[in-house]
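Student: Please take one salt bridge as the part to examine closely. I should like to see how its two partners are placed, and then how it sits beside other charged pairs and the contact between chains.

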Amino acid sequence: MAPAKLTRRTLLTGTAAAAGLALAGCSSSTDEAAAPPSRKPGEKITLAFWSWVPGIEKSVDLWNSKNPEVQVKLEKVIAGNKGAYPKMFAALKAGNPPDLGQVEYQQIPSFLLEEGLTDLTKLGINDHAGKFVDWQWQQGVFGDGVYAVPQASGPMGMYYREDRFKAWGVQPPTTWDEFETAARAIRKADPKSYICSFPPTSGGWFSAMSWQAGAKWFDVRGDDWVVNIDSEQTRQVATYWEKLIRADLVKPEPDQQSGWFAEVQAGTIGCWVAAQWGDAILAGNAANTSGKWRVAQMPQWDLAKPASSNWGGSSTAVLNGSKYPKEALEFALWLNTDPASVDLLIQGGYGWPAAKDAFSGSALDKPSPFFGNAKYNEVFAKSDQLIDKSWKWIPTISDTHRHLGDAITAAIAKKTSFADAIATVQQQTVADLTAKGLKVATA
Amino acid sequence: MRRHRTLAVLALLGPFCLLFAGCFLAPIGYALYQSLLKVERSGPLGLGSDRSVFAGAANYAAALRDDEFTGSVVRVLLFGVVQVPLMIVLAVVLALLLESASARWVPFFRSAFFLPHGVPGVIASILWGFLYVPGISPIVKLLDDLGLQVNFLSSGTVLWSIANIVTWQFAGYNMLIVIAQLKAVRLELYEAAKIDGANAWQLARYLKLPMARPAIVLTTVFSIIGTLQLFSEPLVLRPLTVAVNDTYTPNLNAYTQAFVNNNYNLAAAEAVLLALVACVLSFGFLRLVGRQEDE
């Protein structure tokens, strides 16, 4: 059953990856891909859009009031792996996907593998590249194709309780060394409190920590997916947190869960190193602590080379099988760049805008009573500039995050080394990709 | 006449057979078929194209080689060995107590014991979740005040915390089945036993228990199957604790493979393997008790 071997060279002739996708999709779809169908002038069409972003309906309503001929029908779905993706994958398999879908950056490769996304280069998306923050644009770029319109991200910072740090007599840390010293001082000042918790099963958070340290877990090189989780930078991060956990300086527990919220409300957790979208989570779940929070940059490994990171983020993608990809792309671009739409999305709390220069003057650029009337988002605006641009994801990222959670949980329980846990995750990830029939290289 | 009968048979059996074939046989057949395929990819980064090809037993081999899958099967087996006997004994004891002559307020207690079964599994798990999470749970706090440090959600305890939820939900339900069986026993038998001078204990031991045997066997088989299919309880508790992951039970594992990793073929193979284990255990148990009956 050996398939006729398509070499990379044959595939990359013509319009490169785009042609590759079309070519492989056998004859009839080749014709479709060559000339994307589009609406006749004056024809009234309806595009289906599946998303879970709070408040996005307001932007959709605005579009619909301005575009009577191209109406968008929004269907709210349950976020991520719990609802939206299984539903989209099933619809793709059944051949009736929505025209547009909410797809997180880390999931774009998984959708590519299922041939779920439309290459937007042939629809002229490259003309709009300048409208987006560069690293977020890059999240949708694979080979010569562009597969997603960036929407929002989660630049990281450190939320901390100014009042608690004062009570403990501890300065908020600016480096990870200071962080450790502060953690120790807090345990001494108040044995009931910790500087922060360590979420052992949050793969996204641990990725972000490694991203800041300069790790590049994944990449693509030629035909291969490159896996480099077990790197010096990742081990540095892993060993650092292992040391803090062993010395009982941080509390290993899942974050954003009822137990954690109870501690945040009680002030027995001093800080949370998290993404910009964490502001709404704190304000929504610990309203009693209003006015006591401040935001600073993430603690640094090297103050001379400041670096930040990103946690989360998502795009608007045109799903493969849309009858009107051109109109769908138009809507996606408008949704994520039009100032009125972006303003509505910001009010809904969609995260950090992927649209360039959307911050200044927006609803984000205002003092907040929850953060002691500070313009706290200025911290995230700067953080956004300090994110390494070349971070990529792989099609089996959900597996990798699970392996990471399992390996670190086991290492905590069995008191084994975190560095070994990272090495295990590297091996498991290579095995996952290989099992999917993909070619894998290690750095 | 004969024609009429054929028509009647068709009319009465038809709907069942149709639904049975459509909702039971067809999905099983499709799962079997899917479990024998695999996806082959080509092109740069494997993004070029994919097609399904015959894989033989490759998916089954992969499932059996996967420590996470085999580990999850072993986990539910351990769960079953402990939880099923405990729950069945509890159900039988409750049934016998309610069916004893000296029982008072029988309808009230029967409803009260059965009531947890009316709570959907997901809701029950959320409810118990709140009683387990440190910092929220009044039980943890009370024990803490008494000087007892317990964590219901640690890697050592969470399986038994799930067992507690399942027992809470199903003991009353199983009790009801046993009671129904006891109700079917002819009153003359009880009277005869009483005339012969049997006391309450002897009545229970030598009359009621043997009479309730078919119901006990039935509930045990159901419980074994239910144990292997554990799904919603670990799914709901998963975010609350690091001790439960996406592959904690075989069903959760297959679900994750199918709907998170888009690995339908492997998920199908895991589902078929799980069904096989359930078959072997259920029929094995039936044979075991059948043999004892013959002796």
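Tutor: Let us begin with Asp388(A), which has a relative accessibility of 28% and therefore counts as partly exposed (under 20% is buried, over 50% exposed, partly exposed in between; 1.4 Å probe, protein chains only). The model is predicted, so local features need pLDDT of at least 70 and side-chain atom pairs count only at pLDDT 80 or more, while totals for chains, interfaces and linings use all residues. Residues are numbered from 1 along each chain as its sequence is written, chains are lettered from A and ligands numbered from 1 in the order in which they are written, and side-chain values use heavy atoms, without hydrogens or water.

The partner of Asp388(A) is Lys216(A), which is partly exposed at 38% relative accessible area. Lys216(A) and Asp388(A) form a salt bridge whose closest N and O atoms are 3.5 Å apart (a Lys or Arg side-chain nitrogen within 4 Å of an Asp or Glu carboxyl oxygen). Lys216(A) is in the loop between helix H10 (203–212) and strand E8 (218–221) of chain A, and Asp388(A) is in the loop between helix H16 (377–385) and helix H17 (397–414) of that chain, so the bridge ties together parts that are 172 residues apart in sequence. Helices (H or I, at least four residues) and strands (E, at least two) are DSSP runs numbered from the N terminus. Elsewhere in chain A, Arg39(A), Glu69(A) and Glu327(A) are joined into one network by salt bridges that share partners.

Over all chains, the whole structure holds 24 salt bridges. One of them pairs Glu75(A) with Lys87(A), with 2.8 Å between the closest N and O atoms. Glu75(A) belongs to strand E2 (residues 70–76) and Lys87(A) to helix H5 (residues 84–94), both of chain A, so this pair ties together parts that are 12 residues apart in sequence. Glu75(A) is partly exposed at 32% relative accessible area, and Lys87(A) is partly exposed at 35%.

A further bridge, at 3.5 Å from N to O, is made by the side chains of Glu180(A) and Arg184(A). Both residues lie in helix H9 (residues 176–189) of chain A, 4 residues apart, which is about one turn of the helix. Their surroundings may be set side by side: Glu180(A) is buried, with 11% relative accessible area, whereas Arg184(A) is partly exposed at 41%.

What of the boundary between the chains? Here 35 residues of chain B are in contact (heavy atoms within 4.5 Å) with 38 residues of chain A. Together the two chains bury about 3,300 Å², with carbon and sulfur atoms giving 56% of that area; buried area is the accessible area (1.4 Å probe) lost on being put together, summed over both parts. The count of salt bridges between chain B and chain A is 1. Arg402(A) and Glu68(B) form a salt bridge, their closest N and O atoms lying 3.1 Å apart.

At this interface, 6 residue pairs are in polar contact, both residues at pLDDT 80 or more (N or O atoms within 3.5 Å; within protein, one able to donate a hydrogen and the other to accept it, and residues adjacent in sequence counting only if both atoms are side-chain atoms). On the side of chain B that touches chain A, strand E1 (37–42), strand E2 (49–54) and helix H11 (250–259) of chain B each supply at least two residues. E2(B) gives the largest share of that side, with 5 residues.
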